[in-house]
Amino acid sequence: TFPKQQEEAPQRAPVFDPLAPTVFHQPWWLEIATRGNYNYVEFSEHGEVVGRLPYFPRKRFGMNYSIMPPMTHFVGPAIVEGDGSYATRFLRRATITRELITQLPEASLYQYKCHRDITDTIAFQQEQFMTNVQFTHEIMPQPEEILWKQLRTSKRQKIRQAQKLHTVCEIQDAQEFWRF
């Protein structure tokens, strides 16, 4: 006889934290990706943090700067935009973003590649940042079979050819993954 299997607890959807909207905003990620060399500025209203912007202080040849850490695809401001009309939320995001930018320490360069929820860069432009747009595509998690069927035939053929040449395996060791 086999031992009775415990019933799995129902899975809950993760709670969305607007101050950590992506994995790259998580303190544990920033700690690992920067080896602890990061900081952030915050903006609060009525004693509650409503905006946070990480930065990555570096110094070279006497110049202070902040650029994106390795393996961090995007970051940017994290904002609790609140309720209200689109215009109200837009103005709130812009105001909070400007407040965060003005708190950043003086530096010759700040580089941010903002996450997908940052759809406007007006606050950065108002604070004399140079901005541009880089398009990307996000694939939402789905079962492997569905993702495979959604690929174009030519992409599936290239994957099959690559499988003959390369081996894919999981790397459990974080240090080994980082070296890879």
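Which residues form one aromatic cluster? In this predicted model, the cluster is made up of Phe 24, Trp 28, Trp 29 and Phe 74.

Trp 29 also turns up in helix H1, which runs over residues 27–34. There it is one of the buried residues, along with Leu 30, Ala 33 and Thr 34. These four spread over an arc of only 105° around the axis, so they sit on the same side of H1. That fits a simple rule: an α-helix has 3.6 residues a turn, so residues three or four places apart point the same way. As for what the buried residues of H1 pack against, the partners are strand S2 (48–55) and helix H6 (174–179). Just after H1 comes Arg 35, with a positive phi of about 55°.

Back to the aromatics: the structure holds 8 aromatic pairs. Take Tyr 112 and Phe 124, whose ring centres are 6.3 Å apart with planes at 50°, so this pair counts as tilted. The two residues are 12 residues apart and link distant parts of the chain. Tyr 112 lies in the loop between strand S6 (109–110) and helix H3 (122–126), while Phe 124 belongs to helix H3. Are these two rings' residues buried or exposed? Tyr 112 has 16% relative accessibility and Phe 124 has 5%, so both fall under the 20% cut-off and count as buried.

On the outside, Met 71, Ile 171, Phe 177 and Phe 180 make a nonpolar surface patch of about 420 Å². Met 71 comes from the loop between strand S4 (63–66) and strand S5 (78–79). With a relative accessible area of 36%, Met 71 is partly exposed.

Notes
Residues are numbered from 1 along each chain as its sequence is written. This is a predicted model: local features need pLDDT of at least 70, side-chain atom pairs count only at pLDDT 80 or more; totals for chains, interfaces and linings use all residues. Side-chain values use heavy atoms; hydrogens and water are left out. Patches are made of residues with over 30% relative accessible area and no salt bridge: like charges are joined within 9 Å, nonpolar side chains (Val, Leu, Ile, Met, Phe, Trp, Tyr) within 5 Å. Accessible areas come from the Shrake-Rupley method with a 1.4 Å probe; for residues, only the protein chains shown count as cover. A salt bridge is a side-chain nitrogen of Lys or Arg within 4 Å of a carboxyl oxygen of Asp or Glu. Buried means under 20% relative accessible area, exposed over 50%, partly exposed in between (1.4 Å probe, protein chains only). The arc is that of the directions from the helix axis to the C-beta atoms. Contact means heavy atoms within 4.5 Å. Rings of Phe, Tyr and Trp (its six-membered ring) pair if their centres lie within 6.5 Å; planes under 30 degrees apart count as stacked, over 60 as edge-to-face and the rest as tilted.
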